[in-house]
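Here is a short report on the structure shown below. It moves from an interface to the core, and then to strands and sheets.

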Amino acid sequence: MDHISPVLWQFLRKWLEHFALFPPEASTVAPQSDALFFFMVLVSLIGLTIVVLLIVGFSILYSKKRHPQAVQIEGSTLLEATWTIIPLGLFLVMFVWGALLYFRIYTPPANAMNIYVVGKQWMWKAEHPGGQHEINTLHVPMGQPIQITLISQDVFHSFSIPAFRVKREAIPGRYTTVWFEATATGTYHLFCTQYCGTNHSQMIGDVIVMTPEDYKKWLESSTSGNSLAQDGERLFASLSCSACHNARPDARGPSLANVYNAKLTLSSGQAVTADDAYLRDAILNPSQHITQGYAPIMPTYQGQISEEGVIALVEYIKNLDSDYRVQQTLNTTEMLPENEGGKPAAGAKAPGAQKEVKP
Amino acid sequence: MSDSTAIASGAPAEAHHEHPPYQRHHFESVEQQFDATNFAMWLFLLTEVMFFGGLFTAYLIMRNWYYQAFVVGSHQLSIFWGTANTAVLICSSFTMAMSVWSAEVRRRKSLLVYLCLTLVFGLTFLGIKGIEWHEKWEKHHVPGMHYSVQSFVNPQSDPEVYKEYQDKPLAPDMAQKTEEYFFLYFAMTGMHALHMVIGVGILIFMIFRARAGAYTTGHVTFVENFGLYWHFVDIIWIYLFALLYLISRH
Amino acid sequence: MSEQNIQHEEGHHIVSPATYLIILLALLVGTTLTVLASYFDLGEWRIAPGLTLFWNPVVALAIATGKMLLVVLFFMHVKYSTKLTKLTVFSGLFMFLVLVGMTLADYFTRAWGRW
Amino acid sequence: MSAATIVSLPDQSTARVPRMNFLTKENGLLSWLLTGDHKRIATLYLISITFFFFIGGALAGLIRLELLTPQTTLMAADTYNKVFTMHGVIMVFFFLVPSVPATIGNFLIPMMIGAKDLALPKVNLLSWYLYVIAGIMAIYTMAAGGVDTGWTFTTPLSTHYLNTHVISTGLAIFVAGFSSIFTGLNFIVTIHKMRCPGMTWFRLPLFVWSHYAASILMVLGTPVLAITLVLVVLERTVHIGVFDPAFGGDPLLFQHLFWFYSHPAVYIMILPGMGVISEVVSTFSRKRVFGYTAVAFSSVAIAVFGFFVWAHHMFIMGISNYAALIFSLLTMLVAVPSAIKIFNWAFTLYKGSITFETPMLYAFGFMGLFTIGGLTGVFLGTTGTDIHLTETYFIVAHFHFVMVGGMLMAFLSGIHFWWPKWTGRMYPEKLSQLAAVVTFIGFNFTFFPQFILGMLGMPRRYAAYPPEFQALNVFSTAGATILGVGYLLPILYLTWSLKYGAVAGNNPWQATGLEWQTQSPPLTENFPEIPIMDHEAYDYEWLEKQQEKEVASVG
């Protein structure tokens with residue numbers, strides 16, 4: 001190595017140490033994704049080899065020097081059928097295999113822990129249910145299915161963790177989900193892969209996979225004091241949601257206890273499931289989501305709550321498991337200084353204000 | 001297949017034939033020239049269908065999402081003017097068809113009359129469209145330009161429309177979505193009116209040429225092709241009338 | 001010149017003004033019908049809970065399509081045209097339906113099977 | 001290798017380029033600017049797209065230079081964004097879409113079907129003017145400060161979050177779109193109505209078939225892009241619209257409408273290239289294309305199926321899972337016709353008598369690279385693997401394999417193949433073979449590492465990237481310099497050959513197409529008299545007899 005200048009040598013060494021050829025497989029889905037990937041690589045290599053062999057072989061065998069007179073051949077239905085059906089069959093295998101994988105990646109298991117992620121120009125904000133907030137980092141425990149509920153505050157972003165082989169677009173105005181279960185501790189790249197403006201390439205972060213024990217420690221050390229649902233509760237009170245959604249017999253809005261994942265009938269007669277997306281939409285575009293039997297009196301909160309606020313509210317509503325819990329919120333509301341005198345109007349009795357919510 | 005044989009039979013005839021003055025040098029026969037330009041016009045209309053197709057798709061999706069807003073939005077449109085305009089445009093289509101006929105049977109006078117009638121109907125349509133747009137402007141229903149949701153959150157403030165439909169007030173968030181309706185209303189009728197304006201321009205050009213007798217010597221291609229365009233614009237309006245004015249009245 | 005005329009007449013069907021007049025009347029009647037129909041609530045058909053077909057838009061669009069067909073077939077001479085023209089018209093309608101239909105198919109199936 | 005050649009040039013000591021041809025018919029700038037001659041318009045197009053190709057290429061060079069280092073060393077992030085956006089816009093709308101159809105296609109289609117001109121010469125000229133207007137608007141955009149939406153104009157980024165020249169770019173593409181609509185429309189009419197006696201559909205050269213298919217896509221797809229861009233522009237100006245969720249719109253609607261055009265657009269770009277390859281492979285193996293009807297119909301199949309697959313660009317964007325399934329399945333179907341073509345070309349070589357002139361070398365390059373590009377497309381059309389690979393350098397590599405490795409190779413192949421017809425002079429063979437090889441090597445160096453980068457997860461459109469991706473990026477940039485040389489060489493020697501190239505004669509390749517049976521460069525009317533097609537396409541026996549007859553009559 002004497003003839004290589006030390007500067008260059010340092011440079012090369014740094015390079016080679018960083019030289020990656022294959023991304024780590026760090027989630028349960030990664031090996032499955034890679035299996036399909038390598039199957040396709042194999043098929044492609046075989047296909048390419050056949051094509052190259054045909055071209056090179058024929059070029060050698062039938063070059064003008066060796067084969068001065070061409071023999072005219074019209075074609076062959078049998079061969080046409082062969083190279084129609086075989087590729088089609090292979091592609092269909094890939095299609096089915098890929099579809100299975102697709103549904104697996106985009107269908108979170110029931111026991112998944114939900115973390116909300118908000119994309120905005122140009123950062124990722126993670127909201128843990130315990131109230132931990134993070135920017136451009138995401139701490140997750142190993143061996144636990146994590147569901148990411150994504151939303152963007154402005155433009156399209158795309159939440160991509162190459163080591164987990166998962167990716168999902170963060171769309172403004174709509175929740176999308178993706179899930180993974182990390183299998184190895186470590187720090188992995190988190191990219192925004194959808195072009196989102198000037199600092200698109202700075203919208204990168206780290207996913208830190210920890211053992212469950214470390215994760216627990218991390219949760220405790222980085223708590224903000226309130227859980228996400230508690231944040232939501234506060235917001236619920238300060239926005240006077242409980243003036244109507246108070247679970248009293250004369251309430252002007254439906255009770256929200258156990259509303260999450262319930263089947264609702266809307267005033268239009270449509271049946272819907274109250275999932276995260278529905279809850280969010282019902283807060284921001286209430287008039288499209290009037291539960292049957294209620295008047296369309298709810299104002300919109302579009303522009304008044306940040307996406308994080310909406311997430312907190314959604315998380316709060318998801319955790320409301322009884323009318324008693326709602327009443328408790330109500331009490332705190334009445335005690336809040338800004339709500340003094342702002343007692344919920346009891347007179348307006350909506351006709352047929354029964355609970356429409358069936359668990 | 002059939003057209004290639006037609007060309008084949010046309011080719012030898014051409015050898016001892018004088019070209020009519022309107023035949024372009026690169027065509028073998030007048031037939032071929034007519035067929036080609038006629039087909040080209042149809043292809044152009046095909047692109048127009050797809051052009052409006054994008055707008056129709058957007059309209060259908062938005063109408064599904066914001067049904068109530070689209071209903072009360074459409075209540076703002078005048079059935080009277082809409083129907084009148086439809087009738088006017090249908091009549092103009094008829095006169096246009098008659099212009100083509102006049103050219104085919106080589107009657108210069110009647111061609112001129114029908115072209116002028118078509119022009120008058122076309123201008124009437126644009127005039128009525130102008131009246132309607134002006135009304136929207138006065139009521140602040142032009143999206144992005146001092147748009148006001150007054151008529152939708154408080155329907156009584158708009159007595160004329162209220163008398164007819166007794167709309168319930170919309171929640172403010174839905175009322176805001178009427179802007180979406182009017183955006184599409186203006187985009188679609190505006191795009192349609194733009195086609196009308198272009199058509200009127202060509203009509204005026206054609207009237208001058210027809211006076212000079214350009215279309216009554218057997219060369220009907222231009223009139224025929226313009227007719228196709230004009231009828232196409234008519235068809236678009238038939239659908240716009242149904243979608244924007246009629247389907248949401250109940 | 002005369003030979004050409006004959007050729008021209010053969011390849012080119014001239015629709016009579018009477019036909020045009022009938023079509024005009026039919027179109028005006030259609031317009032009247034569709035406007036009248038819009039004044040009545042034609043009811044709805046509940047295919048399934050949450051899936052309802054309202055007759056008013058269906059009738060309005062059906063009449064519009066009828067009018068469109070009249071204009072295309074007679075005013076635009078498609079009835080008397082070559083197969084190629086008919087194919088062109090058909091492919092235009094078809095691609096339009098593909099654009100609208102396949103896009104809407106995505107929208108309408110989004111809520112399905114959130115298992 | 002080059003000892004065996006099919007090139008038959010006239011005796012150089014006596015041969016002259018015919019004095020009367022379409023280039024010399026009239027003189028003066030006006031005779032060019034007001035021409036209706038498809039060959040002159042094709043020449044105008046050739047000059048203008050070459051201009052835009054080198055602008056786009058220079059921008060590509062800047063991108064590769066910036067990506068040498070992980071940090072933003074050469075330019076700031078927003079400059080980088082503008083550079084890649086303009087690279088995309090110019091290469092897609094001002095080079096790839098019009099490249100083969102508007103130049104080679106424009107030049108050849110009337111001649112191949114035995115017509116004097118396209119059906120609508122004035123529309124053809126209008127289409128070039130629209131292209132120029134659009135081009136000026138694009139250059140204005142660059143001069144005025146550029147645009148950084150990416151060529152995909154993703155809303156709501158393009159409608160509300162950027163202060164760059166989105167409107168002028170949108171309008172430029174709108175106008176360019178109409179240029180392409182008019183070209184496509186003209187081709188369809190011409191192919192239907194202007195064929196010479198005896199030229200039945202199944203005697204058409206495959207070049208014509210593939211242009212026919214591409215034209216259908218242009219006519220039906222482009223208007224949807226046009227209206228989409230109109231809506232984007234409206235949304236930017238009145239701040240209300242159908243694409244931004246903040247105003248109640250739906251950004252996925254934009255994606256649907258945009259990809260309804262832009263997916264078929266890739267077939268608009270590649271199909272004409274496939275047509276070139278069919279001609280070249282047949283000529284240099286002295287054989288009729290294997291399975292003529294299969295190749296012809298596969299073009300049409302690509303055009304038809306090409307319309308039903310657009311949502312495969314949206315698998316991760318939250319479209320319905322069921323829609324994703326349908327679109328993925330249809331994507332698999334559209335992959336098959338491409339496979340059919342590749343195998344048919346390969347089997348055309350079987351029992352042929354193959355020579356290796358430059359067009360053939362480029363065609364071989366096309367076949368190899370397009371195979372890779374096509375197969376990696378299946379990776380992206382498969383829903384499961386698309387999740388990991390989309391929006392990374394994998395997709396960048398994939399479409400560059402198809403577009404640059406496929407289409408550009410085909411374009412260069414075609415330019416070399418028909419250069420003698422166009423100019424009446426041969427290009428220098430040895431040098432051009434070298435250029436073909438250099439291009440092939442440079443291309444693979446540039447884009448193959450990007451597949452690995454994509455698998456590693458490096459996102460596209462990043463001005464800066466984590467350091468472990470550097471090694472492969474350096475490879476890629478190194479390759480790009482080789483590729484750049486490969487593209488500069490042809491423009492130099494082709495210009496040189498305009499004056500000093502050997503006189504080509506009518507049919508230097510002894511090819512069978514009607515275009516070769518007339519003088520080079522052709523007359524303005526293409527043929528002294530309208531030919532009558534009395535044989536199948538690629539009938540080399542007919543050609544031999546024809547030549548024997550000529551020899552006999554001269555003797």
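In this predicted model, 79 residues of chain A are in contact with 77 residues of chain D. Six elements of chain A each supply at least two residues to the side that touches chain D: α1 (6–18), α2 (29–61), α3 (77–105), β6 (157–161), β7 (166–170) and β9 (186–192). The largest share comes from α3(A), with 18 residues. By class, this side of chain A divides into 46 nonpolar, 24 polar and 9 charged residues.

Chain A also meets chain B. Here 5 residues of chain B are in contact with 8 residues of chain A. On the chain B side, 4 residues are nonpolar, none is polar and 1 is charged.

The two interfaces can be set out by residue class.

| Side | Nonpolar | Polar | Charged |
|---|---|---|---|
| Chain A, touching chain D | 46 residues | 24 residues | 9 residues |
| Chain B, touching chain A | 4 residues | no residues | 1 residue |

**Chain B**

Chain B has 9 helices and 0 strands. From the N terminus on, its elements therefore read as α throughout: α-α-α-α-α-α-α-α-α. Its radius of gyration is 23 Å, whereas a compact globule of 250 residues would have one near 18 Å. Along the principal axes, the C-alpha atoms of chain B fill a box of roughly 80 × 40 × 30 Å. Of the 250 residues of chain B, 54% count as buried. Take the contacts in chain B between residues at least 6 apart in sequence: 76% of them join residues at least 24 apart.

**The nonpolar core**

Which residues touch the most other members of the largest nonpolar core? They are B:A40, B:L43 and D:I113, in a core of 384 residues. Helix α3 (residues 77–112) of chain D gives the most to this core, with 22 residues. Leaving aside residues up to four places away in sequence, B:L43 touches C:T88, D:L185, D:I188, D:V189 and D:V219.

**Strand β6 of chain A**

Back to chain A, and to one of the strands at the chain D interface. Is β6(A) mostly covered or mostly exposed? It is mostly covered, with 5 of its 5 residues buried. A:H157, A:F159 and A:I161 point one way from β6(A), while A:S158 and A:S160 point the other way. Both sets are buried.

β6(A) has two strand partners to consider. With β7(A), it pairs in the antiparallel sense over 5 bridges. A:I161 has A:V166 as its bridge partner in β7(A). These two strands form a hairpin with 4 residues between them. In the turn, A:R165 has a positive phi of about 60 degrees. With β9(A), β6(A) pairs over 2 bridges, again in the antiparallel sense. There, A:S160 stands opposite A:F191 in β9(A).

**The five-stranded sheet of chain A**

In chain A, 5 strands form an open sheet in the order β3-β2-β1-β5-β8, with mixed pairing. Its edge strands are β3 (133–135) and β8 (176–180) of chain A, and each pairs on one side only. From one strand to the next, the twist averages 25 degrees.

Within this sheet, strand β1 (residues 113–120) of chain A runs parallel to strand β5 (residues 146–152) of chain A, and 7 bridges join them. A:Y116 stands opposite A:T149 in β5(A). Strands of a sheet pair through backbone hydrogen bonds, either parallel or antiparallel.

Terms used. Residues numbered from 1 in each chain as written. Chains lettered and ligands numbered in written order. Predicted model: local features only at pLDDT ≥ 70, side-chain atom pairs only at ≥ 80, totals over all residues. Contact = placed C-beta atoms within 7 Å. Nonpolar A, V, L, I, M, F, W, Y, C, P; charged D, E, K, R; others polar. Rg over C-alpha atoms; globule rule 2.2 N^0.38 Å. Buried ≥ 20, exposed ≤ 12 C-beta atoms within 10 Å, placed from the backbone. Core = buried A, V, L, I, M, F, W, Y, C linked by C-beta atoms within 7 Å. Pairing = 2+ DSSP bridges. Axes fitted to C-alpha atoms, helices over the stretch in contact; angles between N-to-C directions.
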